[in-house]
Amino acid sequence: MVSVYPRIFFMLLFIQLVLCLVEFKNIKCDSLDSEFDAFEYCLLKSVNRSYKYLSLKVKLYKVPITKVKVNFALLKKFNGYKPFLYNITVDACKTLRNPKSNPIFGYFHDAFKTFSNMNHTCPFDHDLIVDKLNIKHMDNQFSRVLPFSHGEYLYHSEWYAHDIKRAIVEVYFNLY
Ligand SMILES: *[C@@H]1O[C@H](CO)[C@@H](O)[C@H](O)[C@H]1NC(C)=O
Ligand SMILES: *[C@@H]1O[C@H](CO)[C@@H](O)[C@H](O)[C@H]1NC(C)=O
Ligand SMILES: *[C@@H]1O[C@H](CO)[C@@H](O)[C@H](O)[C@H]1NC(C)=O
């Protein structure tokens with residue numbers, strides 16, 4: 001008995017440490033309406049082994065935007081990418097006003113808001129930027145908030161403005 005608890009404790013600790021390794025693998029951004037929006041850039045960059053970041057900029061041609069809906073889904077690769085844990089759609093304007101109303105949206109928003117000018121409530125009347133969102137920040141978020149297991153994941157998001165789908169952003173990442 002005496003030896004079991006420490007072992008469980010170290011197992012949990014080990015799981016925590018293992019979950020701390022997140023690596024971005026790829027990013028894809030698609031504008032679905034070139035008269036409404038266009039991606040100026042959408043990239044991953046490896047500065048060195050421990051510093052890899054994600055940046056994107058989308059130009060908006062019809063501002064202000066007062067109505068935004070986002071569908072985001074997490075997929076995990078088993079035999080192809082399969083839905084995993086989340087597939088939700090939120091009224092972003094409403095949720096940005098009251099982030100606590102949707103903890104999952106709050107979680108994803110927390111993950112990038114300090115790296116983005118999407119850090120305020122609607123309307124949006126400027127180009128949108130995510131600047132050097134880095135993996136260290138994601139590590140903390142993931143290991144602290146979600147009990148994910150190892151594997152290859154895809155974060156798929158669809159962006160609607162005034163009820164029309166305008167863009168798709170996909171981020172592929174691995175958890176080791
Ligand atoms: C990686 O690059 C970052 C940013 O330039 C730097 O702060 C960090 O010290 C570098 N790490 C290593 C291991 O070279
Ligand atoms: C999310 O759910 C919707 C509605 O059920 C479905 O149409 C869509 O394909 C799902 N998204 C993903 C990425 O699986
Ligand atoms: C939002 O982001 C912009 C650009 O990074 C920054 O200048 C501004 O201070 C931020 N606002 C808040 C409320 O964090």
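Biologist: How many bridges join strand 7 (residues 151-161) to strand 8, and in which sense do they run?

Modeller: There are 11 bridges between strand 7 and strand 8, and the two run antiparallel. This is a predicted model, in which local features need pLDDT of at least 70, side-chain atom pairs count only at pLDDT 80 or more, and totals for chains, interfaces and linings use all residues. Residues are numbered from 1 along each chain as its sequence is written, while chains are lettered from A and ligands numbered from 1 in the order in which they are written.

Biologist: Thanks! What makes strand 1 (residues 22-31) and strand 8 (residues 164-175) a pair?

Modeller: Two strands pair if DSSP finds at least two bridges between them. Strand 1 and strand 8 have nine, in the antiparallel sense, so they pair by that rule. For instance, Glu23 stands opposite Asn174 in strand 8. On the strand 7 side, Gly151 has Leu175 of strand 8 as its bridge partner.

Biologist: How do you know what counts as a strand or a helix here?

Modeller: Both are DSSP runs, numbered from the N terminus: a helix is H or I over at least four residues, a strand is E over at least two. The chain has four helices and eight strands, in the order α-β-β-β-β-β-α-α-β-α-β-β.

Biologist: Why is His162 called exposed?

Modeller: A residue is exposed if 12 or fewer other C-beta atoms lie within 10 Å of its own, buried if 20 or more do, and partly exposed in between, with C-beta atoms placed from the backbone. His162 has 12 such neighbours, so it counts as exposed. His162 sits in the turn of the hairpin formed by strand 7 and strand 8, which has two residues between the strands. Its phi is positive, about 50 degrees, although His162 is not a glycine.

Biologist: And why is Lys132 called partly exposed?

Modeller: Lys132 has 13 C-beta neighbours inside 10 Å, so it counts as partly exposed. Lys132 belongs to strand 6 and has a positive phi of about 55 degrees, although it is not a glycine.

Biologist: What makes the shell around ligand 2 two nonpolar and two polar?

Modeller: A residue is near a molecule if its C-beta atom, placed from the backbone, lies within 6 Å of it. Ala73, Pro83, Asn87 and His156 surround ligand 2. Ala, Val, Leu, Ile, Met, Phe, Trp, Tyr, Cys and Pro count as nonpolar, Asp, Glu, Lys and Arg as charged, and the others, Gly among them, as polar. The shell therefore divides into two nonpolar, two polar and no charged residues.
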